[in-house]
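Work through the exercises below with the structure open beside the text. Each task is followed by a solution in steps.

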Amino acid sequence: MKKADIKVGFSCNNRCLFCVQGDKRFQVVDKTDEEVKGNIRKARSSCDIVTFTGGEPTLRKGLVDFIRLAAELRFKTIQIQTNGRMFAYLDYCKSLIAAGANEFSPALHGHVPELHDYLTNAPGSFRQVVAGIKNLKSLGQRVITNTVITKPNYRHLPEIARLLSGLKVDQFQFAFVHATGSARKNFDSIVPRKTLVEPYLKEALAVGIKNGISVMAEAMPFCFMAGFEDQVSERIMPEMAIFDEHGHLPDFKKSRLAEGKAKGSACRKCKYDAVCEGPWKEYPERYGWSEFEPITV
Ligand code: SF4
């Protein structure tokens with residue numbers, strides 16, 4: 001099933017140190033409600049799943065109307081991808097669910113307030129996200145979290161996994177930071193070495209698996225995932241169309257492979273070459289290819 005990623009604009013109430021959208025909030029005008037609704041209608045001709053993203057979609061007063069329209073158009077899954085802070089308000093959660101939202105994807109980047117709030121640059125955001133996840137689970141909702149792997153938090157991935165397991169989320173995903181936008185500006189303090197991340201990531205994934213939770217890792221190629229190859233998320237990502245400030249990108253995978261990801265010369269010797277996307281290109285541009293050891297047996 002194909003997914004439509006509808007970006008409603010780039011305003012946000014967090015200031016994440018790793019935000020891939022970076023300064024877009026100051027450069028790109030948010031879409032009007034009618035423009036967003038037009039994109040929802042356009043998306044339905046090719047997609048069965050819709051996710052509202054940004055920027056931060058819960059800042060939009062019109063979000064309930066967007067969800068309602070998506071429900072009328074009978075999208076099978078209506079997801080909200082968000083920093084998760086607004087879910088701390090139970091009545092707000094109820095209003096989204098009543099309109100037709102049926103999957104919620106908040107972000108949690110630390111196991112304690114000091115770490116999460118440092119990365120989001122938003123005091124109080126940790127407590128709001130955790131309260132939000134509890135609200136959504138109390139309402140019987142499907143919750144899929146996203147955690148961006150960065151230099152300040154990678155050693156704490158197992159603790160984040162234990163927290164998410166205790167909150168009984170349905171799936172959690174760890175995504176290696178993509179060094180564009182703010183992450184590019186903060187590269188030295190934000191982007192860790194993948195070889196250093198590997199043992200902590202595997203321990204964290206094992207925590208989820210042991211607790212019967214679906215777990216995935218993004219932008220960590222197979223050469224860092226021995227024993228956890230099934231958790232490489234790129235192998236199961238749905239086809240995706242993106243509706244953003246540039247208009248309509250009908251095949252995100254195609255453009256991701258052509259412009260976003262990279263492969264090293266040694267990748268040709270690797271048994272995963274055909275299925276592996278490689279890292280986001282900014283990583284080897286800075287750190288080189290020495291960590292990427294082709295798997296030949
Ligand atoms: S193809 Fe390259 S990046 Fe992918 S797993 Fe093999 S060595 Fe690593």
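A residue is near a molecule if one of its heavy atoms lies within 4 Å of it. The model used here is predicted.

**Exercise 1. The ligand shell**

Task: List the residues around the ligand and sort the shell by class.

Solution. Step 1: apply the 4 Å cut-off. The residues around the ligand are then Pro 221, Phe 222, Cys 223, Lys 263, Cys 267, Cys 270, Asp 273, Cys 276, Phe 292 and Pro 294.
Step 2: sort them. Eight are nonpolar, two are charged and none is polar. Cys and Pro are counted with the nonpolar residues here.

**Exercise 2. The six-stranded sheet**

Task: Give the strand order of the open sheet of six strands, and find which strands stand at its edges.

Solution. Step 1: the order is 4-3-2-1-8-9, with mixed pairing.
Step 2: strand 4 (103-105) and strand 9 (247-249) each have a single partner strand, so one side of each lacks a neighbour in the sheet.
Step 3: from one strand to the next, the twist averages 20 degrees.

**Exercise 3. Strand 1 and its neighbours**

Task: Describe how strand 1 pairs with strand 2 and with strand 8, then decide whether its residues are buried or exposed.

Solution. Step 1: strand 1 (residues 3-7) runs parallel to strand 2 (residues 49-53), and five bridges join them. Among the bridge partners in strand 2 are Phe 52 for Ile 6 and Thr 53 for Lys 7.
Step 2: strand 8 (residues 240-244) also runs parallel to strand 1, joined by four bridges. In strand 8, Ile 6 has Phe 243 as its bridge partner.
Step 3: buried means under 20% relative accessible area. Five of the five residues of strand 1 are buried, so the strand is largely enclosed by the rest of the structure.
Step 4: both faces are covered, with Lys 3, Asp 5 and Lys 7 buried on one side and Ala 4 and Ile 6 on the other.

**Exercise 4. The three-stranded sheet and helix 7**

Task: Describe the open sheet of three strands and explain why the buried residues of helix 7 line one face.

Solution. Step 1: the strand order is 5-6-7 and the pairing is parallel. Strand 5 (144-149) and strand 7 (214-218) are the edge strands, each with a single partner strand, so one side of each has no neighbour in the sheet. On average, neighbouring strands are turned by 15 degrees against each other, direction ignored.
Step 2: strand 6 (residues 171-176) pairs with strand 7 over five bridges; Ala 175 has Glu 218 as its bridge partner in strand 7.
Step 3: helix 7 (residues 157-166) packs on this sheet and touches strand 5 and strand 6, its direction making about 155 degrees with that of strand 6.
Step 4: the buried residues in helix 7 are Leu 157, Pro 158, Ile 160, Ala 161, Leu 164 and Ser 165. Down the helix axis they fall within an arc of 155 degrees, so they line one face.
Step 5: their cover includes helix 6 (125-138), strand 5, strand 6 and helix 10 (194-210).

**Exercise 5. Ala 99**

Task: Where does Ala 99 lie, and which residues does Ala 99 touch?

Solution. Step 1: Ala 99 belongs to helix 4 (residues 90-99).
Step 2: its relative accessibility is 8%, so Ala 99 counts as buried.
Step 3: leaving out residues up to four places away in sequence, Ala 99 touches Val 64, Ile 67, Arg 68 and Ala 71.

Definitions and conventions: Residues numbered from 1 in each chain as written. Predicted model: local features only at pLDDT ≥ 70, side-chain atom pairs only at ≥ 80, totals over all residues. Heavy atoms only, no water. Pairing = 2+ DSSP bridges. Helix = DSSP H or I, 4+ residues; strand = E, 2+ residues; numbered from the N terminus. Axes fitted to C-alpha atoms, helices over the stretch in contact; angles between N-to-C directions. Contact = heavy atoms within 4.5 Å. Buried < 20%, exposed > 50% of the residue type's maximum accessible area, 1.4 Å probe, protein only. Arc of directions from axis to C-beta.
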